[in-house]
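Here's a quick walk through one protein model, written for someone who likes to poke at geometry. Have the viewer open while you read.

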Amino acid sequence: MIRNDKASVYILGSLALLLFLSVAPAAALGDGETAPTRDAKQPVDDVYTAKIKKYTTQPFFTSPLVDYLPASKNVPTPEAVLGDVAGAPGILPYAEDVYKYMRLLEKASPCVKVFSIGKTEEGREMIAVAVSSPENLKNLEENRARLAKLADPRTIKLDDEEADRIVAQAVPVYYITGTIHSPETGAPTALMELAYRLAVDESPYIREIRDGMITLITPVVEVDGRDRMVDIYRWHLSHPKDFYPPLIYWGKYVAHDNNRDAMGVTLKLTENVLNTYVGWKAQVLHDLHESVPYLYDNTAGDGPFNAWVDPILTDEWEMIGWRNVSDMTKFGMPGVFTHGVFDTWSPGYLMFIAAMHNGISRLYETFGNGGADTLPRTLDPEEYARTWYRQNPPLPKVLWSQRDNNNYEQTGLLTSLHYFNENKRLFLKNSYLKAKRSVTKPGAEGPAAYVLPSDDPRASSEAELLRVLQKQAVEISRATAAFTVTLPVKKSAKPRKDAKDAKEKDTPPAPTTREFPAGSYIVRMDQPYSRIADALLDYQYWSPDDPQKTPYDDTGWTFGELFGVQVTRVTDPKVLDVAIERVKEIHAPAGVSGDGTIYAINNNAEPALATLRYKLHDTSIEAAEEPFESGGKKFSRGSFLLRNVTRSQLNDAISDLGLQATPVSAMPSVKTHPVRAARVALVHTWLSTQAEGWWRIAFDNLSIPYDYISTQVVAKTSDLNAKYDVILFPPVGFFSSPTAIINGLPSAWGNPLPWKNTPETPNLVGKNDSTDDMRPGLGWEGVANLQNFVAKGGVLLTATDTSRFALSIGLADGVSVGNAQKMKIVGSVVGTRLVDAASPIAYGYDEKLSAYCDNGPIFSLSSVSGARGFRRLGGEMHSRPTGRGTADDQDFTIGRPGAEVPEEPKAEIWENPLLTDEQLHNNFRAIPPANRARVIFRYADGKELLISGLVEGGEEIAQHAAVVDVPTGNGHVVLFSINPVYRGETRGTYSLVLNTILNFDNLNAGRKLAEK
Ligand SMILES: [Zn+2]
């Protein structure tokens, strides 16, 4: 019944649409606008055109711009490489074939030039293809110089008239990027054909684009992932009846998150696209995706909009987005819309490179089939629903082809290019104005600058943060002398506590000043790319009352907080008068300060310390378990003491790590223990590899070796201790359940899903992992092996969903996970507090630490085995019984003297509840003090929890343990509620993981036990 109903809806829908189309008037044009019609004089490639028609499943899934292909005598069509037309069923080219075609075009047409823009992590090439008139391509450098003046208005002294003169001459650059998301497969063929059309078509509509602007195309952004995806598709074609493996790896490290890297710029693809965008001084970055029917232009999505976006840009988004919908509606193409539900808050998306660099960011979601098969596609009601922003929604059910998708992508892009060209003077002027408003920021909304002091104890992390800004094309300066700035007064809602009388209560506190030493870094806001620096370094606030209830991605990211380095937002304009020098390369102070036989390196929780441990494998390194002083210098807990190393060896090892070593006359009298290079395994599932991919890239960048093994290998390795000291089990992602980790993918039916290189799939494995069948999970053998590993002295480290997993299999007694009722912490920066400074896991950390939290599990502790911890509310729970007196009084009993009430043991929310003698009596479940969980960091109090982003219902997790070390058997399970290693943005919490590794055999150091 239901199926019939749906089918009839589908047929009716199609008929209605056809009827509508038959009466639709020809596209109405504005004054002086060029008609989107082909040049009648130019011959058409009939064979190619016939195939376009054949592969388009409905006459209304195309447009007059792409329903034909102009013929050329000398320029090859995509068929030359594909063997069929772009978007043909069954054909998905490797990146290499796409490049081959682009280079054929370059050879045959003076309108095409191919540029190499860098390599991927696996060494594959990335390209950008420029298509424009021969004259424009000849004058690229001259034009770039013009655009550079608009991009940096300081070069023309912010002279608007000069800008107008340049705007009148300059040729804008519109940059299109394809298939960053590997299962979204249509863009490369669409872009091959688009390049051909732009180079060859003589219709006035296309000629205007060619002559008026430069279209720059990176047809494949995620090249490593593209080749894997094509492998899978080929496997599917040769095993048509089998299920094919899901694309578990895209790039070497991450999957979908490759489109969340535009803040940290950790991935090569981001860096290469950013350099191309900034290097070409482009005006637009238009990124192609495929997950929504049929074309969702989420150039401008829903609110909230990113706070650092210029209003000029938001107007451009609306202009371009709605015009695009209108143009395609006129063609009679259904399912084209803008606005949608995506919020525009996070600047992590690739397209946001443009939004944060004074350009225009754009993104299409078209409809892809995840391959080149033509498939019946049935939509969900919310997908075909008519809404105010989608008045002509997609149809409930259609037959959909890759060619349909290519038609939508090309039509959208061609109308966009044409509209952009027609209004290019406006958009060029806007790009200048946005840059000018970035330069004049200090005198407008502010701030004047951000300052990073030269005496930050985390010099190497500070340098890393500054390098991120440099990758973002931000200019960094250093003060040549010490300077003082006035800091703004923090407004406080509460009356001043220190006020002596009412009058003083009304007078605001005096502004404070701060002196920064010579050499401090100044990120001036009077520069063209101040916007991105401001967006990364400032704080974010997402109101719990915001009408947007489903944030699309992270809500907070403040880089200074997440890197654990000091960043001061300075509004005092005098900071711009400080004498400075521009910094080309950032070098943290490093080296050995004298000769000695023993050297000390202070521990400030710098990840570089772990790099050093592995680098100097033959050197004896001890960690001081207490702070000490030597030669007037103070060293914190965990400081390294090195022997058997010469000054020059040590100097070589630390000079590029941003570490400083000091000779000490003798070993300090405090207790020490060896810091050993632990043998580390990093475990992944075959469910998802992305969250752990961010851990891998962090470890690889720090040159810390590890074995990369799957849960299947854990299941097969009965003696894990023989190989490893520490097993890291990073988050699986998507809040994976313990049963999913154990069971894996369903294997009671279907066929094996191999992930390995074969003649059909030569690119699948790369340097990652392989298996004959992705389906089996950790299994119960794996659980047993992990239990044995910890029991025999191994250290297991888990975070977020894998912490839940470890707890659910009973690996860490005395810790439980509570269920959140109202809590909503969506990718936010939260405050944590140091609880146990003596734990090696805390070495180098201060009292306060900011961390990334995404609804991270709420840990509660119990001193009784098997008992669920609960939130103790102290006095409220053990309030006095009903009786005489006030709340604080003691009751009485008439006729006898009162009895003394013994004091209740009190424990804070993050602590192990203490046990009374009564509770201890013959209680074999009572966990002995040495076996109880040791809390290293806890979440801050409710009021101090939010650092950046959205924290709603934070009281539920406030004060609860955030990092816990649970002694289990002879080993330890170290549980994280925060995610300490995330998207290259959380360097400040890396050392929690690295400290665990370096001190794996001394995690109990400094532990103070409860009396009972
Ligand atoms: Zn996508």
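What follows is a tour of a predicted model, taken site by site.

## The zinc site

Let's start with the metal. The zinc ion gets its protein donors from His181 (ND1), Glu184 (OE), Glu184 (OE) and His289 (ND1), which sit 2.1 to 2.4 Å from it. Glu184 is listed twice there, each time through an OE atom. What is the geometry of the site of the zinc ion? It's irregular: the angles among the four donor atoms run from 56 to 152 degrees. A tetrahedral label would need all angles between 85 and 135 degrees, so the site misses that one.

Along the chain, the donors of the zinc ion follow the spacing H-x2-E-x104-H. That pattern ties together distant parts of the chain, with His181 and His289 lying 108 residues apart. His181 belongs to the loop between strand S3 (173-177) and helix H8 (187-200), while His289 is in strand S5 (residues 284-290). Both of these histidines, His181 and His289, are buried.

## Tyr175 in strand S3

Strand S3 also holds Tyr175. Is Tyr175 buried or exposed? With a relative accessibility of 0%, Tyr175 counts as buried, because the cut-off for that class is under 20%.

Its contacts, leaving out neighbours within four places in sequence, make quite a list: Ile117, Leu216, Ile217, Thr218, Val273, Thr276, Tyr277, Ala282, Val284, Leu285 and His286. If you want a distance to check, try Tyr175 and Ile214: they are 39 residues apart in sequence, and their C-alpha atoms are 8.4 Å apart in space.

## Helices H6 and H7

Next up is a helix pair. The axes of helix H6 (residues 140-151) and helix H7 (residues 160-169) come within 10 Å of each other, crossing at roughly 140 degrees. This crossing of H6 and H7 is left-handed.

Which residues make the contact? On the H6 side they are Arg146, Lys149 and Leu150, and on the H7 side Ala163, Ile166, Val167 and Gln169. Sorted by class, the contact of H6 with H7 has four nonpolar residues, one polar and two charged.

## Backbone oddities

Most peptide bonds are trans, and most residues other than glycine have a negative phi. Here are some exceptions. Gly303 and Pro304 are joined by a cis peptide bond, with omega about -5 degrees, and Pro304 lies in strand S7 (residues 302-305). Gly446 and Pro447 are also linked by a cis peptide bond, with omega about -5 degrees. Pro447 is placed in the loop between helix H16 (424-439) and strand S13 (449-452).

As for phi, Ser703 has a positive value near 55 degrees without being a glycine. You'll find Ser703 in the loop between helix H23 (690-701) and strand S29 (707-710), and its 51% relative accessibility makes it exposed. Asn855 also has a positive phi, near 50 degrees. Asn855 is in the loop between strand S35 (848-853) and strand S36 (858-861), where it counts as partly exposed at 26% relative accessibility.

## Pro857, Pro738 and Asn819

The loop between S35 and S36 is also the place of Pro857. Pro857 is buried, with a relative accessible area of 5%. Not counting residues up to four places away in sequence, Pro857 touches Thr800, Arg804, Val817, Ile957 and Ser977. Pro857 and Arg804 are 53 residues apart along the chain, and 7.3 Å separates their C-alpha atoms.

Arg804 turns up again with Pro738: leaving aside neighbours within four places in sequence, Pro738 is in contact with Arg804, Phe805 and Ser808. Pro738 lies in helix H25 (residues 738-743) and is partly exposed, with a relative accessible area of 23%. From Pro738 to Ile997, the C-alpha to C-alpha distance is 24 Å, and the two are 259 residues apart in sequence. Last comes Asn819, in the loop between strand S32 (815-818) and strand S33 (824-825). Asn819 is exposed, with a relative accessible area of 60%. Asn819 and Glu956 are 137 residues apart in sequence, with 9.1 Å between them in space, C-alpha to C-alpha.

How values were computed. Residues numbered from 1 in each chain as written. Predicted model: local features only at pLDDT ≥ 70, side-chain atom pairs only at ≥ 80, totals over all residues. Heavy atoms only, no water. Donors = N, O, S within 2.8 Å, 3.2 Å for Na, K, Ca; no water. Tetrahedral: all angles 85-135°; square planar, octahedral: opposite > 155°, others 65-115°. Helix = DSSP H or I, 4+ residues; strand = E, 2+ residues; numbered from the N terminus. Buried < 20%, exposed > 50% of the residue type's maximum accessible area, 1.4 Å probe, protein only. Axes fitted to C-alpha atoms, helices over the stretch in contact; angles between N-to-C directions. Left-handed = near helix turned anticlockwise from the far one by under 90°. Contact = heavy atoms within 4.5 Å. Nonpolar A, V, L, I, M, F, W, Y, C, P; charged D, E, K, R; others polar.
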